[in-house]
Amino acid sequence: MRYEIRVDGHMSKTLTGAFPELDHVLMSGQTVLYGSVIDEAHLYGLLARCRSLGLRVLEMRQLPE
């Protein structure tokens with residue numbers, strides 16, 4: 001499964017480094033993290049990581065294969 005997680009603001013290099021399994025792109029006041037997610041536990045782990053880093057998730061969606 002491929003997912004996109006859109007967070008508020010431009011994440012620093014240090015913050016994006018906390019998500020080594022995902023690629024990212026900065027666009028219009030947001031950071032988009034995207035990539036393969038192994039299973040539901042991995043997805044919830046990514047969201048928990050966002051929360052623990054104080055990131056505000058604006059949108060999360062599954063991408064077409």
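Colleague: How much area does the protein expose, and what share do carbon and sulfur atoms supply?
Modeller: The protein exposes about 4100 Å², and carbon and sulfur atoms supply 52% of it. Those areas come from the Shrake-Rupley method with a 1.4 Å probe.

Colleague: What kind of model is this?
Modeller: This is a predicted model, where local features need pLDDT of at least 70, side-chain atom pairs count only at pLDDT 80 or more, and totals for chains, interfaces and linings use all residues. Residues are numbered from 1 along each chain as its sequence is written, and side-chain values use heavy atoms, without hydrogens and water.

Colleague: Which elements, in what order?
Modeller: From the N terminus on, they run β-α-β-β-α-β. Helices (H or I, at least four residues) and strands (E, at least two) are DSSP runs, numbered from the N terminus.

Colleague: New topic. Where is Glu4?
Modeller: Glu4 sits in strand 1, residues 2-8.

Colleague: Is Glu4 buried or exposed?
Modeller: Glu4 is buried, with a relative accessible area of 10%. Buried means under 20%, exposed over 50%, partly exposed in between (1.4 Å probe, protein chains only).

Colleague: What share of the 65 residues counts as buried?
Modeller: 31% of them.

Colleague: Back to Glu4. Which residues does it touch, not counting those up to four places away in sequence?
Modeller: Glu4 touches Val32, Leu33, Tyr34, Glu59, Met60, Arg61 and Leu63. Contact means heavy atoms within 4.5 Å.

Colleague: And contacts across the protein, between residues at least 6 apart in sequence: what share joins residues at least 24 apart?
Modeller: 64% of those contacts.
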